[in-house]
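Hi,

Here is the structure I promised to pass on. Have a look at it first, and then read my notes below.

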Amino acid sequence: MSLTLGKLLLLARQDEPQAGDISGTCVLCSRPTEQGQPIKKVVSNNFMGWASFLSGNCFCPECAYLFSDQTFRKKSWAASVSGGFRIFRNDEAQEILFNPPQAPFFIHIAKRGQKQTWLSCLHRIASNPNRYWFSHESYDIPILFERERAREYAKWADEALEFGLTKTELVSGQFKMKSWQKAYEQGRESMLRQLGSFKGDPLWEVIVDVARK
Ligand SMILES: [Zn+2]
């Protein structure tokens, strides 16, 4: 049986799942359970991730665990079966992405701490530090980390920020007139064109987001 995100977090934090008494199907992982918890007890009314739920009548203990601690939503974190659980600051995110904990692991990057975007990654536990899925609060979809591409992006992002471009310019691929002017003056217009070609790739957007200024 594959490791789900709830199970990974339980193992990483060496916690015990809370067993309920409902027999049925988990709305999140679709597995049958004898120890389900009521849906309304697990998630609050202002929960925003209903779209991730499938048909089912309860939460299995492992999936319920995902909602048992607001840290999972509010903070950026890395979880690993053998490496444990740790939260990290945004300025540590780049370091963590390139140096993830021992596999199997999972990384989530929070921004405002409001959306549980890791819901799309229930079955996307990472096994390869060079190519793995992670979640970022700005994206409802899993994001694929590929080391070579990420390294190249990080190099370009650093160079661009040093040149004076803003993160908004980098993500949108739309550069201000004065940025083009500066680029022409310094013979760097090919850099701007190259940067513009990354537009639309979520990995590029995340690398820009976590790049240090
Ligand atoms: Zn479940």
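Let's start in the sheet: strand 5 (residues 105-109) and strand 6 run parallel, and two bridges join them. If you want a spot to click on, go to H108, which sits opposite S135 in strand 6. Do keep in mind that this is a predicted model.

Zooming out from that pair, the open sheet is built from five strands in the order 4-3-5-6-7, with mixed pairing. Strand 4 (84-88) and strand 7 (143-146) are the edge strands; each has a single partner strand, so one side of each has no neighbour in the sheet. From one strand to the next, the twist averages 25 degrees.

Two helices are worth finding around the sheet. Helix 1 (residues 5-12) packs on it and touches strand 3 (76-80), strand 4 and strand 5. The direction of helix 1 makes about 80 degrees with that of strand 3. Helix 6 (residues 147-163) lies across strand 6 and strand 7, and runs at about 85 degrees to strand 7.

While you are around there, look at the loop between strand 6 and strand 7, where you will find I141. Is I141 buried or exposed? It counts as exposed, because I141 has just 12 C-beta neighbours inside 10 Å, and 12 or fewer is the cut-off for that class. W118 is 23 residues away from I141 along the chain, with 8.3 Å between the two C-alpha atoms.

Now for the overall layout. The chain has 213 residues, of which 37% are buried, and its secondary structure comes to ten helices and seven strands. Along the principal axes, the C-alpha atoms fill a box of roughly 70 × 35 × 25 Å. Of the contacts between residues at least 6 apart in sequence, 58% join residues at least 24 apart.

The domain assignment splits the chain into domain 1 (5-141) and domain 2 (147-210). Their C-alpha centres are 32 Å apart. Where the two meet, eight residues of domain 1 are in contact with six residues of domain 2. Which elements supply at least two residues each to the side of domain 1 that touches domain 2? Those are helix 5 (93-98) and strand 6 (131-136), and helix 5 gives the largest share, with three residues. By class, that side of domain 1 has three nonpolar, four polar and one charged residues.

Last, a helix pair further along the chain. The axes of helix 8 (residues 177-185) and helix 9 (residues 189-196) come within 7 Å of each other and cross at roughly 130 degrees, which means helix 8 is oblique to helix 9. On the helix 8 side the contact is made by S179, W180, A183 and Y184, and on the helix 9 side by E189, M191 and L192. Sorted by class, the residues of this contact are five nonpolar, one polar and one charged.

If you only have a minute, I'd pull up H108 opposite S135, then I141 in its loop between strand 6 and strand 7, and then the contact between helix 8 and helix 9, with W180 and L192 among its residues.

Cheers

Definitions and conventions:
Residues numbered from 1 in each chain as written. Predicted model: local features only at pLDDT ≥ 70, side-chain atom pairs only at ≥ 80, totals over all residues. Axes fitted to C-alpha atoms, helices over the stretch in contact; angles between N-to-C directions. Helix = DSSP H or I, 4+ residues; strand = E, 2+ residues; numbered from the N terminus. Parallel < 35°, antiparallel > 145°, perpendicular 65-115°, else oblique. Contact = placed C-beta atoms within 7 Å. Nonpolar A, V, L, I, M, F, W, Y, C, P; charged D, E, K, R; others polar. Domains from an automatic or database assignment. Pairing = 2+ DSSP bridges. Buried ≥ 20, exposed ≤ 12 C-beta atoms within 10 Å, placed from the backbone.
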